[in-house]
Each structure stands twice: as structure tokens, then as C-alpha cells.
Amino acid sequence: MRSEAAPQPAGLERFVSAGKGRGLRARRRYAVGELLFSCPAYTAVLTVSERGSHCDGCLARKEGLSKCGRCKQAFYCNVECQKEDWPMHKLECSAMCAYGQNWNPSETVRLTARILAKQKTHPERTQSEKLLAVKEFESNLDKLDNEKRELIQNDIAALHHFYSKHLEYPDNAALVVLFAQVNCNGFTIEDEELSHLGSAIFPDVALMNHSCCPNVIVTYKGTLAEVRAVKEIEPGEEVFTSYIDLLYPTEDRNDRLRDAYFFNCDCRECITKEKDKEKLEIRKLNDPPSVETVRDMIKYARNVIEEFRRAKHYKYILSVCELSLDKMGAVFEDSNVYMLHMMYQAMGVCLYMQDWESALRYGQKIIRPYSKHYPPYSLNVASMWLKLGRLYMALENRTAGVKALKR
């Protein structure tokens with residue numbers, strides 16, 4: 001599906017949000033489910049693992065895609081998609097031919113290269129920048145620690161290494177700012193099951209501030225982002241999205257926000273912490289675990305979650321999940337978010353290994369706590385119902401499958 005130009009968001013306005021900087025607010029009432037606005041990507045990249053099953057241009061899933069005749073590594077729906085993507089793909093095509101399997105810049109590097117090219121060829125404001133221009137992005141440069149600065153320098157080195165023929169580079173200081181901007185304002189594009197498809201820049205979507213009680217969600221149709229209301233929004237009310245996964249308790253959410261976006265959330269849920277007790281539910285035992293035991297188990301769970309980010313082998317992840325579930329299950333209820341995290345990881349491995357029955361068992365344990373812990377109309381809950389529906393259908397339980405898919 002080719003992205004269309006975003007309609008002018010007449011019912012919205014950019015404003016200065018107290019304590020948050022720039023923000024977006026409604027000028028009229030929006031009902032639940034109503035589209036506030038859509039935004040075509042300023043630029044986007046398909047993740048390498050999806051090449052061959054999705055179009056590199058529009059990111060649509062399709063069979064029988066055509067290869068780029070030069071590099072043989074990019075795939076397209078048709079000639080139109082290929083021609084439209086060529087100004088961006090040419091940045092990579094010759095390098096992909098030259099480096100072969102050694103061509104491996106990160107998605108952040110690929111996205112940044114495309115921004116540089118786009119700024120050169122389209123210096124005027126684009127259809128993606130009706131409310132916020134890319135050059136206005138916040139970089140939080142003054143808040144970067146040495147580790148983050150070193151990572152940016154590594155990305156700059158990769159940019160110079162893999163891109164040269166079709167790029168003009170600004171000086172190092174300007175590149176540091178641009179990479180910092182991309183890190184704070186880039187978006188992950190996901191499919192209907194929330195699987196990673198690629199990365200993109202959606203300037204107008206980036207104008208929205210964060211809340212753990214969001215009133216909109218962002219969904220994707222290829223390289224088009226759509227922003228829809230999940231609560232009634234009144235005139236003058238600020239429009240909030242969520243930057244992070246909202247499953248986790250307040251401390252975890254704010255750790256993530258500080259690390260990636262350099263702020264603490266002051267929404268109602270973060271102030272009251274009213275959902276934390278349910279999210280960290282402890283087993284009802286004759287001999288209740290001590291505060292220290294619970295604290296140690298939470299620390300253990302966080303360490304395992306961090307370990308998953310570095311893990312490469314699916315069977316290793318599954319064994320760690322099973323061991324962790326056994327260990328944590330002595331203290332935590334199945335509805336505890338750390339148990340749910342392990343179940344979700346295990347379910348993903350089972351899906352990859354096509355062990356449908358095991359994947360279904362994990363999904364059945366996950367869905368009810370998800371429905372309780374996540375806000376209404378959460379994409380995470382919807383995605384889980386979709387997975388369950390497909391699993392029931394694969395296992396020839398049509399009645400349960402139809403019911404799940406309707407949900």
C-alpha cells in the first residue's frame with residue numbers, strides 16, 4: 001500500500017505544554033476510535049530480516065516480490081515501488097554489492113543516511129512536517145552520558161564506512177546532533193502482531209508528548225502512521241501517546257523513559273501507582289515471602305529481561321524462560337508482569353519453532369492479565385487476541401478461533 005499525503009489536521013494545534021515543551025492539543029472533540037490525523041513517513045527502512053517477504057519501498061507484505069537487478073537484496077511490489085524508492089535505495093545498493101554479507105549498518109545508521117539524503121534533495125517542508133519539522137527535533141544532547149556519546153560516534157563511523165558515493169556529510173558535531181535526534185524521535189514500525197518491520201521518521205507524530213494514560217494510539221499501514229483516539233478527547237485537551245510498553249510497574253516505566261527520553265512521567269498513573277500492586281502480585285502463601293525476597297526476585301527478573309536483549313539463540317531463550325518461570329513462580333502469581341514477560345518470550349520462541357500447542361498454552365495464560373494491566377484498546381491486547389485466533393485456527397478449533405479474532 002503506497003502512503004498517501006496526510007490530511008491537514010484542522011482540529012489540532014501545536015502549543016507549548018506546561019513542563020513538557022512542545023505538544024499537540026485538540027481544537028474540537030474527538031470520539032473513541034476517531035482518526036485525529038495520519039502522517040506519511042518522512043523516510044523509512046525495512047528491517048533486514050523481513051527482506052523478501054515485504055516490499056522495501058512501501059513495506060507491504062506480498063508474495064512474488066521482484067528483486068533489485070543490481071544488489072539482489074532489495075525487493076519490491078512492482079516497478080512503481082522500485083522507482084519511488086530508488087533515491088533512497090541507491091544510497092545502499094552499490095555498497096551492498098561491494099560488501100556482500102559484510103554490509104551490516106544498523107537501522108539507525110540506515111535511517112540517518114536517508115534523512116541526510118532527503119534534506120539535500122527536499123530542503124522544503126514535506127507532507128510529514130505540517131506541525132513539526134525534522135530540523136526542530138529535540139536532541140537532548142546536553143543529557144547524553146559518555147556511553148551514549150560513544151555509541152553515537154560508533155554510528156557515525158559506520159555511516160562513513162558504509163555510505164560514501166551518494167552522501168554529503170556535515171561535520172562531526174552536526175552528525176552527533178542528528179543521531180541524537182533520531183534516537184529520541186525515531187519510530188519502530190510494527191505489523192498487526194507487533195512484530196518489528198522497520199524504523200521510520202514521522203515528524204508530526206513525534207510532536208505528541210508521552211503519558212502512561214494515553215488518549216491516542218499510533219498504528220501503521222505500511223509507511224503511513226495513523227493516530228486514533230482511545231478515549232474521548234475534549235477541545236483544549238492535550239493529545240498524549242505512549243512512548244513505551246505500559247505493561248510494567250511505575251519504577252520500570254520511568255527507568256525506561258529516563259534512559260531513552262531523559263524525563264520522568266508525571267501522569268496520574270505514575271503519581272498514584274494504583275496499578276503497581278496488581279502488576280507485582282505475590283502468591284498467597286501460608287508463609288508469605290519477605291520484602292527482601294520479593295525485592296531480590298524483582299531484581300532477578302529485571303536482569304533476565306536485560307539478558308534477553310543480548311541473546312541470539314531461540315532455544316537458549318526458551319530454556320531461560322522456563323527456568324525463570326519455575327524460579328519466580330515460587331513467589332509471583334502468574335499475573336505478575338515479570339511472569340507475563342517470560343511467558344511472552346517463551347510464546348514467541350514456540351511460534352518461531354512452529355510449536356503451536358505450546359504457544360497457545362502460553363497465550364491462554366497471558367491474555368486475561370494483559371486485559372487487566374494494559375489500558376483500554378491496547379494494541380498489545382489486540383495483538384494477543386489475533387495470535388490466539390490464528391493459533392486456534394491452526395489447531396482446527398474454529399469456534400474458539402472466530403471468538404478470539406472477533407475480540
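Let me start with one residue: Arg29 counts as partly exposed, at 38% relative accessibility. Throughout this talk, buried means under 20% relative accessible area, exposed means over 50%, and partly exposed is anything in between, with a 1.4 Å probe and protein chains only as cover.

A word on the source. What you see is a predicted model, in which local features need pLDDT of at least 70 and side-chain atom pairs count only at pLDDT 80 or more, while totals for chains, interfaces and linings use all residues. Residues are numbered from 1 along each chain as its sequence is written, and side-chain values use heavy atoms, with hydrogens and water left out.

Back to Arg29. Which residue does Arg29 meet in a salt bridge? The partner is Glu232, with 2.8 Å from N to O. A salt bridge here is a side-chain nitrogen of Lys or Arg within 4 Å of a carboxyl oxygen of Asp or Glu. Glu232 sits in the loop between β11 (224-229) and β12, and Arg29 in the loop between β2 (21-26) and β3 (35-40), so this pair links distant parts of the chain, 203 residues apart. For the element names, helices are DSSP runs of H or I with at least four residues, strands are runs of E with at least two, and both are numbered from the N terminus. Glu232, like its partner, is partly exposed, at 45%.

How many salt bridges are there in the whole structure? The search finds 27. Two further pairs are worth pointing at on the screen.

One of them joins the side chains of Asp259 and Lys148, at 2.9 Å from N to O. Asp259 belongs to helix α6 (residues 250-261) and Lys148 to helix α3, and the two are 111 residues apart. Asp259 is partly exposed, at 42% relative accessibility.

The other joins Glu192 and Arg390, at 3.1 Å from N to O. Glu192 lies in the loop between β7 (187-190) and β8 (196-201), and Arg390 lies in helix α13 (residues 379-394), so the pair ties together parts that are 198 residues apart in sequence. Both ends are partly exposed: Glu192 at 46% and Arg390 at 39%. There is also a network, in which salt bridges with shared partners join Arg51, Asp56, Asp85, Glu92, Arg110 and Arg114.

Next, helix packing. Helix α3 (residues 146-162), the helix that holds Lys148, packs on helix α4 (residues 172-185) at about 110°, with their axes 10 Å apart. Axes are lines fitted to C-alpha atoms, for helices over the stretch in contact, and angles run from 0 to 180 degrees between N-to-C directions. That makes α3 roughly perpendicular to α4; the cut-offs are under 35 degrees for roughly parallel, over 145 for roughly antiparallel, 65 to 115 for roughly perpendicular, and oblique for the rest. On the α3 side the contact includes Ile152, Ile156 and Leu159, and on the α4 side it includes Leu175, Val176 and Phe179. Contact means heavy atoms within 4.5 Å.

The second helix pair is α9 (residues 291-310) and α10, whose axes come within 11 Å and cross at roughly 175°. These two are therefore roughly antiparallel. Among the residues in contact are Met297, Tyr300 and Phe308 of α9, and Ile317, Val320 and Cys321 of α10.

Helix α10 covers residues 314-328 and contains Tyr314. Is Tyr314 buried or partly exposed? Tyr314 is partly exposed, with a relative accessible area of 37%. Together with Tyr352 and Met353, Tyr314 forms a nonpolar surface patch of about 330 Å² accessible area. Patches are made of residues with over 30% relative accessible area and no salt bridge, joining like charges within 9 Å or nonpolar side chains (Val, Leu, Ile, Met, Phe, Trp, Tyr) within 5 Å; areas are from the Shrake-Rupley method with a 1.4 Å probe, and for residues only the protein chains shown count as cover.

Finally, three buried residues. Gly198, in strand β8, has 0% relative accessibility. Leaving aside neighbours within four places in sequence, the contacts of Gly198 include Val45, Glu107 and Phe187. Thr241 is in strand β12 (residues 240-241) and is buried at 9%. With the equivalent neighbours left out, Thr241 touches residues including Met208, His210 and Pro214. Cys81, in helix α1 (residues 79-99), is buried at 6%. The C-alpha atoms of Cys81 and Leu59 are 9.8 Å apart, with their positions 22 residues apart along the chain.
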